[in-house]
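Reader: Please take one part of this model and look at it closely, then follow the neighbouring and related parts from there. I would like the argument to stay connected throughout, with burial kept apart from pairing.

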Amino acid sequence: MKTMHSKGYEFRVSDISNREVGFTPPRTFARRFSASQAVMKRIDLYGKLNGHEGCVNTVEFNDTGDHLVSGSDDLKIMFWNWEAKILKFSYPSGHVDNIFQTRIMPFTDDRNIVTSAADGQVRLGEILENSHVETKRLGRHEGSVHDLAVEPGSSRIFYSCGEDGFVQHFDLRSNSATKLFCCSLFTENIEQSLSSLRLNAIVIDPRNPHYFAIGGSDVYARIYDIRKYQKDASSNLDSPVNTVCPHHLINTHDVRITGLAYSSTSELLVSYNDELIYLFQKNMGLGPTPLSIKNEDLSKLEEPLVYSGHRNSRTVKGVSFFGPNDEYVLSGSDCGHIFIWKKKGAELVRVMVGDRHIVNHLEPHPYLPVLATCGIEKNIKLWAPMSNNVRPLPHDLEEIMESNRQGREDHSRVTLTPDVIMHVLRLHRRQALAYIERRYNRGEIDSDEEAEGEAFFAGFSDGDVSSEEGNARKKREQGNDLIPEPKIIVPVRTSIRKDSGASSGLGVVPPMMFSSSDGSTELLKTSLLLRFSASDVTM
């Protein structure tokens with residue numbers, strides 16, 4: 001087949017001639033053109049939307065693609081004409097902590113915007129005829145609410161998932177939320193099986209809206225059939241119809257899911273914290289109880305496609321498809337770059353600098369080859385095929401990818417999962433409190449020499465950080481949708497062996513130090529100190 005080249009473009013002559021004589025509809029030709037790699041390699045910065053006073057955590061185009069809504073740590077919702085780079089209006093959300101998600105309800109003339117935040121609230125902003133905005137709380141989770149999912153084709157129904165493990169159903173025709181179920185951990189330990197999963201992501205299959213997937217603080221993406229639930233969590237147990245997980249991550253405890261995305265053909269993208277991105281076909285499921293699958297059955301299943309090169313560690317990052325038929329996969333990275341892969345074959349086609357620090361969220365336009373991205377910086381960046389020249393991959397791409405790979409490997413050796421931390425805290429709480437009381441009653445703090453052979457670990461502060469106001473202040477100081485990590489005091493390069501401790505999956509403790517002004521290690525009086533014997537510590 002003959003092709004035509006012009007400054008990097010490559011088209012089949014038959015495609016162009018068929019368009020000219022009318023055999024190919026304009027929309028079909030436009031979709032093929034938008035999905036071409038030549039267009040992808042010309043994407044460049046179109047502009048910035050400035051106005052927020054804090055990190056921008058979420059952006060979304062409306063259905064028609066002419067407007068964009070954003071939410072930020074400044075607790076404001078902003079509504080933009082992105083093409084003209086004009087702010088149309090903004091309003092205070094009513095949240096008291098960082099906004100994590102905004103959704104424009106379809107078929108409402110962009111007048112209903114639902115939001116969620118670190119304060120656990122799910123809120124509605126109603127745009128009135130007089131340009132005023134009324135906000136109200138629709139529901140609440142115990143803990144942050146990272147994601148919302150709108151039922152396709154519905155102007156009233158959407159779902160939320162929170163760190164309390166609950167999935168909630170909302171109907172704007174009513175004034176209350178309904179808890180569907182609480183998601184539980186997969187474990188053979190009966191006590192641990194009662195522990196809820198902290199949820200980060202929820203997504204509805206656009207091809208079959210009866211199914212939705214959720215992911216959180218373990219390695220399994222769970223798929224549910226909404227028809228099984230009667231909108232009453234008291235009578236409905238956590239019962240997924242299927243689960244997916246890369247085979248090498250089954251039964252691991254130091255990896256969690258931060259982002260999910262469905263394609264138009266029901267493929268499921270799963271992005272893991274400090275791991276990689278995986279694409280699952282419908283026939284790759286492990287069934288509703290993945291721990292019961294036999295090795296011989298597992299070996300018969302096809303492995304998912306893998307997308308690598310980025311790093312997803314410091315924040316709760318999303319993942320997206322891109323292109324008229326989901327031809328590409330998008331992700332942000334801790335290195336501040338935007339990564340774009342071809343979905344088929346996982347070839348890396350673009351790497352662009354998207355933020356001076358971290359790129360968290362990428363939102364594709366509903367039908368144009370346009371992206372909106374946000375991260376640690378206080379603006380929204382818009383990307384379109386603006387460049388006159390084909391943009392090559394960065395000359396230092398190998399160094400970028402190697403640095404990200406090394407960071408993932410290093411972090412995998414120095415991460416304690418929150419579940420393990422809480423388990424250890426429960427086991428040692430009484431002993432630790434008694435130890436602290438003895439030390440402070442004596443009015444002594446042992447020196448490093450006196451404490452030789454022991455490692456001291458500072459857990460969670462006794463301060464009023466559990467209150468709504470305390471959490472708001474703490475997370476605003478962190479400045480982003482950061483994955484919470486415990487504050488731990490250990491000597492540099494000190495670690496806990498994986499075979500120590502009562503819980504499997506106990507990994508290596510991050511080598512973080514707290515120092516006083518004179519450089520000596522400071523044991524925080526407001527922290528819970530845990531003691532481990534020297535036999536459990538390696539140097």
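Author: A strand here is a DSSP run of E covering at least two residues, and strands, like helices, are numbered from the N terminus. The model is predicted, and by this numbering its protein chain has eight helices and 34 strands. Of the 539 residues of the chain, 51% count as buried, and among contacts between residues at least 6 apart in sequence, 57% join residues at least 24 apart.

The part I take for the close look is the loop between strand 20 (257-262) and strand 21 (268-272), in which Ser266 lies. Although Ser266 is not a glycine, its phi is positive, at about 70 degrees. Most residues other than glycine have a negative phi. Ser266 also counts as buried, because its relative accessibility is 6% and the cut-off for burial is under 20%. Following the chain past strand 21, one comes to the loop between that strand and strand 22 (277-280), where Asp274 is found. Asp274, too, is a residue other than glycine with a positive phi, in this case near 50 degrees, and at 8% relative accessibility Asp274 counts as buried.

Aromatic rings come next, and the structure holds 14 aromatic pairs. One of them is the stacked pair of Phe181 and Tyr229, with 4.9 Å from centre to centre and 25 degrees between the planes. Phe181 belongs to strand 15 (residues 178-182), whereas Tyr229 sits in the loop between strand 18 (221-225) and strand 19 (242-244), so the pair ties together parts that are 48 residues apart in sequence. Both partners are withdrawn from the surface in the sense used here: Phe181 is buried with a relative accessible area of 0%, and Tyr229 counts as buried at 7% relative accessibility. Back at the numbers around Asp274, Tyr272 and Tyr278 form an edge-to-face pair, at 5.8 Å centre to centre and 80 degrees between the planes, and both of these tyrosines are buried. Ring pairs also link Phe181 and Tyr229 with Tyr159, Phe212 and Tyr224 into a cluster.

Tyr159 leads to strand 13 (residues 157-161), in which five of the five residues are buried, so the strand is largely enclosed by the rest of the structure. Cover is present on both faces of strand 13, since Ile157, Tyr159 and Cys161 on one side and Phe158 and Ser160 on the other are all buried. As for its pairing, strand 13 runs antiparallel to strand 12 (residues 147-150), with four bridges between them, and Leu148 stands opposite Ser160. Strands 12 and 13 form a hairpin with six residues between the strands, where Gly153 takes a positive phi near 80 degrees. Strand 13 also pairs with strand 14 (residues 166-171), again in the antiparallel sense, over five bridges, and there the bridge partner of Cys161 is Val167. This second hairpin has four residues between its strands, and Gly165 in the turn has a positive phi of about 90 degrees. Rings also meet charges: Lys179 lies over the face of Phe166, at 4.5 Å from the ring centre, and Lys85 lies over the face of Tyr46, at 4.0 Å from the ring centre.

The strand before the loop of Ser266 leads in another direction, for Gly259 is among the residues that Gly318 touches, together with Ser331 and Asn360, when residues up to four places away in sequence are not counted. Gly318 has its place in the loop between strand 23 (305-307) and strand 24 (319-322). Its C-alpha atom is separated by 9.5 Å from that of Asn200, which is 118 residues away along the chain. Further on, Ser333 is found in the loop between strand 25 (328-331) and strand 26 (337-342), and with 0% relative accessibility Ser333 counts as buried. Its contacts beyond four places in sequence include Lys317, His357 and Val359.

A last sheet remains to be described: four strands form an open sheet in the order 3-30-29-28, with antiparallel pairing. Strand 3 (44-50) and strand 28 (359-364) stand at the edges with a single partner strand each, so one side of each is left without a neighbour in the sheet. Neighbouring strands of this sheet are turned by 25 degrees against each other on average, direction ignored. Within the sheet, three bridges join strand 29 (residues 371-375) to strand 30 (residues 379-384), and Ala372 stands opposite Leu382 in strand 30.

Definitions and conventions
Residues are numbered from 1 along each chain as its sequence is written. This is a predicted model: local features need pLDDT of at least 70, side-chain atom pairs count only at pLDDT 80 or more; totals for chains, interfaces and linings use all residues. Side-chain values use heavy atoms; hydrogens and water are left out. Two strands pair if DSSP finds at least two bridges between them. Axes are lines fitted to C-alpha atoms, for helices over the stretch in contact, and angles run from 0 to 180 degrees between N-to-C directions. Buried means under 20% relative accessible area, exposed over 50%, partly exposed in between (1.4 Å probe, protein chains only). Rings of Phe, Tyr and Trp (its six-membered ring) pair if their centres lie within 6.5 Å; planes under 30 degrees apart count as stacked, over 60 as edge-to-face and the rest as tilted. A charge sits over a ring if NZ of Lys or CZ of Arg is within 6 Å of the ring centre and within 35 degrees of the ring normal. Contact means heavy atoms within 4.5 Å.
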